[in-house]
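User: Could we go through the contact between the two chains of this model?
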Amino acid sequence: MTNQGFPAAARRDLADSQLRRNIANATSTIRAKRAKVVAELPDWQQLRDAGAAIKARALATLPEQLERLERSVTDAGGNVHWARDGAEANAIVAEIARDRGRRELIKVKSLATDEIGMNEALEAHGIHAIETDLAELIVQLSDDRPSHILVPAIHRNRAEIRALFERTIAEGRTLSEEPEALAEEARRYLRDRFLSVPLAVSGANFGVAETGTVCVVESEGNGRFCITLPETLVTVMGIEKVLPEWRDLEVMLQLLPRSSTGERMNPYTSPWTGVREGDGPREFHLILLDAGRTDVLADEVGRQALRCIRCSACLNVCPVYSRTGGHAYESVYPGPIGAILTPQLQGLDQAPTLPWASSLCGACYEVCPVKIDIPQVLVHLRGRAVREGAAGGAGERRLFGLLARVFNSRRLYEGAQRAARLGRGPLMRLPFGPLSGWTEMRDLPEPPAQSFRDWWRARP
Amino acid sequence: MSDAREAVLARVRQALGPSPTVPEVPREYRVAAAGDPGGAVERFCERVAEYRATVTRAERGEVEGALARICRERGTRRAVLAPGAPWRLDGVETVADDALSPGDLDLLDAVVTGCALAIAETGTIVLDGSPRCGRRAITLVPDHHLCVVGAQQVVAGVPEAIAVLHEAATARRPITLVSGPSATSDIELRRVEGVHGPRVLDVIVEG
């Protein structure tokens, strides 16, 4: 699917009233749940301050932390691999599968592997990746794309999911559309695979440099199956996911569940350290993935986007996201965080319209558990996009150049004031031209009949 | 592969420049447990129940009776017991975890374990791979988990728990934090208890 840019994609999705209902319902529900559990903690702001500083510190000392993590994972019996880009990471996974004669693997939901298109890359090697998170399974079975970080099938309702399951996994049986029955069907379908497939791929929420512990946070138990029963486990972790100290988890495990699902704690959190004889996989591989993250790190304003812990609180509060839904962002990372992460990871020329996919209202910053100043980064990226010519913007540059000349010269400025007065009334709405869209929704301020300067000169 | 390692590290160093500012971490959030162990136990029971797990209070020494009663009510016939769990299960065929395969575990009705500790504020039980908790597969595959929590094992909040678990992490024991039965909200955000992990969680609080 080729990208058409946010404005066009948003217009397309806004026309889908079912989608808008699903998204509005979902985002308002999670918003309320989050607000309730966040209000319970008297020290929420202190936790946010700590969370922001922990991640900023990890990024500022990243070379040291990555080397520490590599050492401690290796000491604990794991293997550490490095990947400059998605293709390298996918090749490592394919090689691990091929060397062990595996044509199939089970996968726990991972944004990093979605980002690098791992499933498609493996398919090209004849290796089939089975998504085990319920929503990811729904997305995979319908050959669709995720539309939300936390609930990727948020755009589908129960009737659509029932029809999908009957078409794909129900083996001819008729299903009820009750969520309980649909979840039961997913359990039935995946159970045998959990018990028998000997290779699994996961992402990582956190990787602790001090102890070599990798942590997956989830709800359904599919993550526990993937990291526990297979003989071989491969974890793909973006380099920005490292935490320096074990103790840092005491902050993150409070911030993440409350911001994400609006729970005091999600059902299952699994921190494991390397390989343990008699408990879990016999072989553990950790792939440390760059894939554009160092480009983000090089931008002093934009690098704060790497603090993101993928909670999706910013999506649910965003007045833009909660109307357009996730697909309009044309990226694995939708919503406000996507609007600053995608253009930085892929290059501004790949997603030049995303920094404008926001009203700059600031709600995303208010809820961000690691205090990413998303509006600040949006404005910064808009500036970069215009300066680098990625956003077109030649007309805008000329316009502002002209304004600068007018404001610099008394003669031109007073001339412009006189010209503006001539246009009073009939020109309040611009009937055509590049700015007509702007005045469609807004009134131009009416110039006064007499300017201050004229009044000053004319006073007796 | 070492090419990639050097390349990524070099890119990181270049991106950061020669002397990046390293912020201190302000830790002004609540850490010290307020000395109210009784209150913590009450709060733990209340919050576990909110996840739709079932909480049973048992006097010291009456855990076996509580376990037997729950198993009777749920129709449990065969259960695996964590190797270090000191309780006898009356009326239930007990299977030792002698490297049971996932398929073997799938045929059992229930698993009985202790825990490493429990967190009051979040209603969480924590398993740490010690003999009382068993290896991870036994608390994952059977559909019903009975977990015995000693009142003295309940800590107030997440920071206290993470401090205690540092030992398990450095000893490379795998840790699982369990907050209620497995659940999904993936369909219209309607919470459904019980997807892949145990669908029934019974927490027995002793003392």
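Analyst: The turns below deal with the contact between the chains and then with the domains of a predicted model.

User: How many residues does each chain put into the contact?
Analyst: Chain A contributes 77 residues and chain B contributes 64 residues.

User: And what classes of residue are on the side of chain A that touches chain B?
Analyst: That side of chain A has 40 nonpolar, 21 polar and 16 charged residues.

User: In which sense do strand S9 of chain A and strand S9 of chain B pair?
Analyst: Strand S9 of chain A, residues 268–273, and strand S9 of chain B, residues 176–178, pair in the antiparallel sense, over two bridges.

User: Which residue stands opposite Tyr268(A)?
Analyst: Val178(B), in S9(B), stands opposite Tyr268(A).

User: Now the helices. At what angle do H12 of chain A and H5 of chain B pack?
Analyst: Helix H12 of chain A (residues 249–260) and helix H5 of chain B (residues 158–170) pack at about 135°, and their axes are 8 Å apart. The angle makes H12(A) oblique to H5(B), because oblique covers angles that are neither over 145 degrees nor from 65 to 115 nor under 35. The crossing of H12(A) past H5(B) is right-handed.

User: Which residues make that contact?
Analyst: From H12(A) they are Leu249(A), Glu250(A), Leu253(A) and Gln254(A), and from H5(B) they are Val158(B), Pro159(B) and Ile162(B). By class, five are nonpolar, one is polar and one is charged.

User: Switching topic, what domains does chain A have?
Analyst: The domain assignment gives domain 1 (41–291) and domain 2 (394–452).

User: What distance separates their centres?
Analyst: The centres of domain 1 and domain 2 of chain A, taken over C-alpha atoms, are separated by 54 Å.

Conventions: Residues numbered from 1 in each chain as written. Chains lettered and ligands numbered in written order. Predicted model: local features only at pLDDT ≥ 70, side-chain atom pairs only at ≥ 80, totals over all residues. Contact = placed C-beta atoms within 7 Å. Nonpolar A, V, L, I, M, F, W, Y, C, P; charged D, E, K, R; others polar. Pairing = 2+ DSSP bridges. Helix = DSSP H or I, 4+ residues; strand = E, 2+ residues; numbered from the N terminus. Axes fitted to C-alpha atoms, helices over the stretch in contact; angles between N-to-C directions. Left-handed = near helix turned anticlockwise from the far one by under 90°. Domains from an automatic or database assignment.
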